[in-house]
Amino acid sequence: MKVFTNTTPLIALSSVSQLNLLQLLFTKIYTVESVREECEEGGKVVVPPFANLEWLEVLPRRSEISQNIPPLLAELGKGERDTIWMSLQEKADLVIIDDLPLPFNQ
């Protein structure tokens, strides 16, 4: 199963010392470069460095994310937008995200 996450689930689970739940549930989780960058910015809750989370794989940034983004996704934050875009490109089975659901006509 290919599972993607954006920033807030990582921060929320880190805030209650339960980040390991993602690994227990899914074995491997994918994310995007912009999510890693948001987590590294810091804040009240510290997310462990991604290099220490062997079950979390950051996919490299693709140039077409900014070039071909549908207008509906352009209204989201960078982490949400890139996560949804990449999960569609990678044919993810599940996306763990913290925003309102978007209507997709597929």
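Author: Helices (H or I, at least four residues) and strands (E, at least two) are DSSP runs, numbered from the N terminus. The model is predicted: local features need pLDDT of at least 70 and side-chain atom pairs count only at pLDDT 80 or more, while totals for chains, interfaces and linings use all residues. Residues are numbered from 1 along each chain as its sequence is written, and side-chain values use heavy atoms, with hydrogens and water left out.

Reader: How many helices and strands are there in the chain?

Author: From the N terminus on, the elements run β-α-α-β-α-β-α-α-α-β. The chain thus written contains six helices and four strands.

Reader: What percentage of the 106 residues in the chain is buried?

Author: A residue is buried under 20% relative accessible area, exposed over 50% and partly exposed in between (1.4 Å probe, protein chains only). Among the 106 residues of the chain, the buried share is 38%.

Reader: Which element gives the most residues to the largest nonpolar core?

Author: A nonpolar core is a set of buried Ala, Val, Leu, Ile, Met, Phe, Trp, Tyr and Cys residues joined through side-chain atoms within 4.5 Å. The largest one has 19 residues, and those with the most contacts inside it are Leu-10, Leu-19, Leu-22, Phe-50, Trp-55 and Leu-56. At least two residues of this core come from each of β1, α1, β2 (29-32), α3 and β3. The element that gives the most, with three residues, is β2.

Reader: Which residues does Leu-22 touch, not counting residues up to four places away in sequence?

Author: Contact means heavy atoms within 4.5 Å. With residues up to four places away in sequence left out, Leu-22 touches Leu-10, Leu-13, Thr-27, Ile-29, Trp-55 and Ile-96.

Reader: Which elements are among those that cover the buried residues of α1?

Author: The buried residues of helix α1 (residues 7-15) are Thr-7, Pro-9, Leu-10, Leu-13 and Ser-14. Their cover includes β1 (3-5), α2, α3 (33-40), β3 (56-59) and β4 (94-96).

Reader: How many of the 12 residues of α6 are buried?

Author: The expected span of a helix is 1.5 Å times one less than its number of residues. For helix α6 (residues 78-89) this gives 16 Å, which agrees with the 16 Å between its end C-alpha atoms. Its buried residues include Trp-85 and Met-86. The helix is largely enclosed by the rest of the structure, because the number of its 12 residues that are buried is nine.

Reader: How far apart are the closest N and O atoms of Glu-57 and Lys-28?

Author: A salt bridge is a side-chain nitrogen of Lys or Arg within 4 Å of a carboxyl oxygen of Asp or Glu, and by this rule the count comes to five. One of them links Glu-57 in strand β3 with Lys-28 in the loop between α2 and β2, 29 residues apart. Glu-57 is partly exposed at 29% relative accessibility, and Lys-28 is partly exposed at 31%. The closest N and O atoms of Glu-57 and Lys-28 are separated by 2.9 Å.

Reader: Which residues are linked with Glu-33 in a network of salt bridges?

Author: Arg-36 and Glu-33 meet in a salt bridge (1.9 Å, N to O). Because they are three residues apart in helix α3, about one helical turn separates Arg-36 and Glu-33. Glu-33 counts as buried at 18% relative accessibility. The residues linked with Glu-33 in a network of salt bridges are Arg-36 and Glu-40.

Reader: Is Asp-82 buried or exposed?

Author: The side chain of Asp-82 forms a salt bridge with that of Arg-81 (2.9 Å, N to O). With a relative accessibility of 3%, Asp-82 is buried.
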